[in-house]
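Please open the structure in your viewer and keep the sequence panel visible. The tour below proceeds by selections, each followed by a description of what is there.

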Amino acid sequence: MISAGIDAGAATTKGVLFRDNTIMGYRIADTGFNFLTASETIFSILLESYSIRREEIGHVYATGYGRSSISFADKSVSEITAHAKGVSFLFPGVQGIIDVGGQDSKVIVVENGRVVDFLMNDKCAAGTGKFLEYTAKALEVPISDLGELARVSDHRAAITSMCTVFAESEVISLRARGFLKEDIAAGLIRSIAQRVAVMAKRMGLKENIAFVGGVAKNAGMRAALEKELGVPLYVPFEPQITGALGAAIAAQG
Amino acid sequence: MSPTLQSLPFFQDSYELRIAQLQEERKRGIKVIGTFCLYVPDEIIFASGADRIVLCGGRADTIPVAEQSLPRNICPLIKSSFGAVIDACCGGSLACPHIPLIDVVVAEATCDGKKKMYELLTDYLPTYVLDLPQKPGSPEAREYFLSEIRKFARFMEQLTGNIITDEALRREIRSSNATKRLLHRLFALRKSDPSPIRGSEVLRVMQKQFFLSPDMFRKGISLLCDELEHVVSSGNTGPRIMISGCPMAAGNTKVPDIIEQKGGVIVVEESCTGTRSFLDLVDEDVDPWKALAERYLEIPCACMTPNDQRIARIVELAKEYNVRGVVYYTLQFCHAYNIERLRVQKALKKEGIPLLAIESDYGESDTEQIGIRVEAFLEMIA
């Protein structure tokens with residue numbers, strides 16, 4: 001039986017088709033304003049791409065911030081449960097998951113594929129993709145270049161503000177003081193890595209940790225986080241789809 | 001679908017009756033005391049012939065007024081309460097209707113935020129502050145608190161012109177114990193599985209405990225208990241949850257509402273608007289003053305140190321009410337409860353009981369984020 005998982009995230013919508021214990025395919029697109037429209041689009045693109053009729057799909061499960069808006073889904077599961085399922089499928093034996101998404105970041109403790117504890121960041125953009133997005137803009141570099149840029153820095157600038165808006169003004173003032181672009185980028189990457197590492201340590205994560213979410217695509221970010229935690233991190237081939245994958249696995253029943 | 005409890009409207013209806021009662025009492029020269037905390041002994045107020053009403057704010061709309069005077073980063077309960085007072089005194093429209101009924105505020109030296117807010121309050125309302133020892137475990141602390149409540153009694157005598165006799169005090173102790181016993185009965189009914197009543201319904205009742213007169217409140221609780229004896233289930237079947245932490249003053253039901261909406265069943269609240277107010281009775285067989293001092297210092301508030309009895313009690317309650325998980329609720333910027341969370345979490349972990357920490361204010365902006373946490377927590381413990 002084929003099942004589908006839709007992760008209606010705040011920034012991007014992800015869809016995964018799952019069959020015979022393998023990932024058939026996946027798609028990622030910007031969410032835009034309407035969660036339902038974005039999910040419907042992803043779903044029909046998936047069906048079309050893999051030449052599947054709607055009737056061939058058993059169950060569709062939704063997860064993510066907009067999960068309750070996905071009226072065509074049979075059921076919804078929280079992102080926490082979905083990520084745990086998805087990541088445990090890709091990395092059996094994983095003990096911890098760090099997910100840094102567009103709107104929040106979370107740390108999940110997993111035991112045999114089951115969630116045993118979790119922590120989400122407070123209601124604030126600190127330690128999320130939004131932090132990088134805003135501060136990269138203040139640095140006048142595309143967010144995708146931020147990590148690489150940070151790697152060439154010899155003299156990392158100190159970013160002291162956790163608040164996204166204040167960090168943005170801090171970047172502007174560092175620019176005004178003549179700091180190099182790469183040094184400020186390194187400071188920003190370090191700032192978010194520290195913030196996320198504190199959450200991971202608070203949850204007692206030590207090893208066998210996976211790093212997922214859109215921010216995990218950033219190699220500089222991954223290196224900084226590995227340095228803070230002192231262990232290598234597992235990063236899936238497509239770190240953005242683990243929530244949708246988990247939902248699709250849950251939909252297998 | 002949850003059954004409609006016939007006795008619940010009694011508590012809503014009694015609001016206007018109570019306001020009218022207080023207005024009428026004031027005309028007859030009876031003094032009305034405003035309070036903010038469980039540490040102020042009701043028994044002394046009533047024994048002096050005065051009446052009392054709780055002033056704790058749970059509404060968001062008075063906070064902007066308060067922030068004209070108070071720092072933004074203090075707890076919403078303090079800001080909401082203060083905003084209601086200053087708005088009432090300036091003739092504003094957001095005012096708490098209780099404020100104009102008050103002769104004197106009897107405050108208490110608990111957390112830093114409240115202590116310093118009370119200093120500002122004196123510009124608007126006469127305010128008496130009851131001191132509390134912060135290390136309540138020693139005989140010296142009890143001795144000191146005894147002298148504090150005697151001093152408070154003299155203040156009440158001067159205010160009302162009545163003498164507080166031992167006999168009157170004993171009578172009021174029996175009265176407040178009767179209320180507490182009824183609450184024991186109500187909470188005992190919640191131990192059954194399924195629980196016959198929703199946690200949010202109990203919270204709304206508990207928020208009226210220090211607002212209504214003791215007679216009115218007891219009548220309502222009796223009616224409710226009688227009715228619940230015949231109710232099998234509130235209709236909710238999800239995991240049994242205990243809420244532990246800060247008080248939820250009238251107007252603040254955000255977190256319990258979210259928990260229930262996500263399918264959790266709240267069966268007990270370890271808070272000022274829960275067990276903390278009634279679990280311990282006052283000893284009726286010893287000197288009433290000493291008995292009061294003893295009982296009130298046993299309140300396990302996080303402003304006390306060390307607060308081992310609270311930690312032990314939470315574990316005990318979690319077992320007694322057979323809960324699957326604990327939602328630890330703190331008002332934003334409430335350092336005492338927030339810091340104490342780690343000790344609670346460790347103690348519960350030893351017993352295999354998971355804890356979800358939620359820190360929130362009175363705003364709506366985090367409703368969705370709290371919802372995700374609660375949903376994931378319920379999935380985790382299901």
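**Two crossing helices in chain A**

Begin by selecting helix α2 (residues 79-90) and helix α8 (residues 242-250) of chain A, which pack at an angle of about 90° with their axes 7 Å apart. Helix α2(A) is therefore roughly perpendicular to α8(A). Angles of 65 to 115 degrees count as roughly perpendicular, under 35 as roughly parallel, over 145 as roughly antiparallel, and the rest as oblique. Axes are lines fitted to C-alpha atoms, for helices over the stretch in contact, and angles run from 0 to 180 degrees between N-to-C directions. Helices (H or I, at least four residues) and strands (E, at least two) are DSSP runs, numbered from the N terminus.

This is a predicted model, in which local features need pLDDT of at least 70 and side-chain atom pairs count only at pLDDT 80 or more, while totals for chains, interfaces and linings use all residues. Residues are numbered from 1 along each chain as its sequence is written, chains are lettered from A and ligands numbered from 1 in the order in which they are written, and side-chain values use heavy atoms, with hydrogens and water left out.

Now display the side chains where the two helices meet. Among the residues in contact (heavy atoms within 4.5 Å) are A:Ala82, A:Val87 and A:Phe89 of α2(A), and A:Leu245, A:Ala247 and A:Ile249 of α8(A). By class, this contact of α2(A) with α8(A) has 8 nonpolar, 5 polar and 1 charged residues. Here Ala, Val, Leu, Ile, Met, Phe, Trp, Tyr, Cys and Pro count as nonpolar, Asp, Glu, Lys and Arg as charged, and the others, Gly among them, as polar.

**The sheet beneath the selection**

Keep α2(A) selected and add strands β6, β7 (105-111), β8 and β9 of chain A: the helix lies across these strands, running at about 60° to β7(A). The 4 strands form an open sheet in the order β8-β7-β6-β9, with mixed pairing. At its edges are β8 (114-120) and β9 (209-212) of chain A, each pairing on one side only. Two strands pair if DSSP finds at least two bridges between them. Strand β6 (residues 96-100) of chain A runs parallel to β9(A) and is joined to it by 4 bridges; A:Asp99 has A:Val212 as its bridge partner.

**A buried residue in chain B**

Move to chain B and select B:Leu169, which is in helix α7. Is B:Leu169 buried or exposed? It is buried, with a relative accessible area of 0%. Buried means under 20% relative accessible area, exposed over 50%, and partly exposed in between (1.4 Å probe, protein chains only). Beyond its neighbours within four places in sequence, B:Leu169 is in contact with B:Glu43, B:Ile44, B:Ala47, B:Pro288, B:Trp289 and B:Leu292.

Next, extend the selection to helix α7 (residues 166-189) and helix α11 (residues 288-297) of chain B, which pack at an angle of about 35° with their axes 10 Å apart. The residues of this contact divide into 5 nonpolar, no polar and 4 charged.

**An enclosed helix in chain B**

Select helix α10 (residues 254-261) of chain B: 6 of its 8 residues are buried, so the helix is largely enclosed by the rest of the structure. The buried residues include B:Val255, B:Ile258 and B:Ile259. Just after α10(B), B:Gly263 takes a positive phi of about 105°.

**Where the chains meet**

Finally, show both chains: 19 residues of chain B are in contact with 18 residues of chain A.
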